[in-house]
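Visitor: I should like to learn how to read a few features of a model such as this one. May we go through them in turn?

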Amino acid sequence: MPTRRPLASRLAVTLISLAVASLAACGGDNGPPTLNGEKAIVVGHRGASGYLPEHTLESYRRAIEGGADFIEPDLVATKDGVLIARHEPNLIATTDVSERPEFAARKTTKVVDGVSESGWFASDFTLAEIRTLRAKQQFAERDQSNNGKYLIPTLQEVIDLAKSESARLGRTIGIYPETKHPTFHQGLNLALEDRLLAALSAAGWTTKSSPVIIQSFEVANLKYLRTKTQVRIVQLVDADDVDAAGNIVLAAPFDKPYDFAVAKDPRTFKDLVTAAGLAEIKTYADGVGPWKPYILPGRFVDRNNDGKSDDLNGDGAIDERDRVLLAPTKLIEDAHRLGLFVHTWTMRNEPRRLASDFAGDPKAEYKRFFELGIDGLFSDFPDTAVSAR
Ligand code: G3P
Ligand code: CA
């Protein structure tokens, strides 16, 4: 017969065991666990776009070298219906198209999600023409020395890279494709969804355990995709800005999914993260992808009451470094309660993008989100994210 211990002792052992299990489940920090009890995933945002021109095979490779679990191709369509990795349909900011005299006449103005913009659009170029372009870094503060070197990859090449690197490294590298401006592409008769499904199907990626997560800021296309595939789906949640008090600011076109705008649906992105909004997301998605201030907002301070935000670091500018973090919202908890995972974006190393609480240390930001039980995050510097995990 086993020796019986006093109740208090047994309770203590039980509590210690639970605490150890909880620590193991939350990725090593004190705080709530991730939804599946595993470490948060790191997504190479546009590859490792902090280092190399975004959405190039070189940028994706760099993300993988840095330990990223997933690489993220944003997707737009070419004139001949090929999905390529670009953040915008307009190629002006991320390629050398504006310097190519042969394409000068291709400059035009289009309306994307209700906003008129000028430039050179992927949907006016065949893939063969896109292949003559070279990528460039769109953030002026980042290394420009690799501009003009790299090709614009197709989705198929991104899939092939994920597969070959997974085999080479002996670990699974997934892809996290985002359908960019689905309504815009449908209007051009270049809908992204079936093209994406065909590529995933050809890759053998059709189930929940496939190394794929599809994301979109629109809703109707995700609902459609859910009827066609069982791969994981994430509803992205955007906003225009954060005000001085730390409140989310909504302004078109970042106030609501653009298909809601077209359908005159009054709901906004904020409505998507209410209890009712999350419950609806759960009907077609596996996770939610909010901009990070939806989880951890920050506010400016005005200690001298002069009506202006204080320049906390005294550098003459008011930016993220002058914000003080507020208490986290309940979004992760609310989503987890419904069985939705939460992946947030975008983590960036530059000190000017970090709240004062992090004192210029990007790892401190990752650690804070890990403590909150975040299930995954998109990073321009995935090696930093991995080293903080
Ligand atoms: O997809 C998550 C994040 O990438 C959304 O922002 O604008 O960089 O695609 P964006
Ligand atoms: Ca994206």
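**Reading a metal site, a buried residue and a pocket**

Guide: In this predicted model, the calcium ion (ligand 2) has as its protein donors Glu 72 (OE), Asp 74 (OD) and Glu 178 (OE), which lie 2.1 to 2.4 Å from the ion.

Visitor: What spacing do the donors of the calcium ion (ligand 2) follow along the chain?

Guide: The spacing is E-x1-D-x103-E. Glu 72 belongs to the loop between β2 (70-71) and β3 (74-77), while Glu 178 belongs to strand β8 (residues 178-179), so the pair ties together parts that are 106 residues apart in sequence.

Visitor: Are Glu 72 and Glu 178 buried or exposed?

Guide: Both Glu 72 and Glu 178 are buried. As for geometry, the site of the calcium ion (ligand 2) has 6 donor atoms with angles of 57 to 157° among them, and is irregular.

Visitor: Why does Leu 75 count as buried?

Guide: Leu 75 counts as buried because its relative accessibility is 0%, and buried means under 20%. Leu 75 lies in strand β3. Beyond its neighbours within four places in sequence, its contacts include Leu 83, Leu 155, Pro 177 and Glu 178. Leu 75 and Pro 177 are 6.7 Å apart in space, C-alpha to C-alpha, yet 102 residues apart in sequence.

Visitor: How is a pocket to be read, and which residues lie nearest the centre of the second largest pocket?

Guide: Rolling a probe the size of a water molecule over the atoms shows where empty space is left. Here the second largest pocket holds about 460 Å³ of space. Its lining comprises 22 residues, with Asn 36, Glu 38, Ile 41, Arg 232 and His 343 nearest the centre. By class, that lining has 8 nonpolar, 6 polar and 8 charged residues.

Notes. Residues numbered from 1 in each chain as written. Chains lettered and ligands numbered in written order. Predicted model: local features only at pLDDT ≥ 70, side-chain atom pairs only at ≥ 80, totals over all residues. Heavy atoms only, no water. Donors = N, O, S within 2.8 Å, 3.2 Å for Na, K, Ca; no water. Tetrahedral: all angles 85-135°; square planar, octahedral: opposite > 155°, others 65-115°. Helix = DSSP H or I, 4+ residues; strand = E, 2+ residues; numbered from the N terminus. Buried < 20%, exposed > 50% of the residue type's maximum accessible area, 1.4 Å probe, protein only. 1 Å grid on protein atoms, 1.4 Å probe; cavity = no way out; pocket = protein on both sides within 12 Å on 5 of 7 lines; lining within 4 Å. Points joined across faces, edges and corners; volume = space filled by probe spheres on them. Nonpolar A, V, L, I, M, F, W, Y, C, P; charged D, E, K, R; others polar. Contact = heavy atoms within 4.5 Å.
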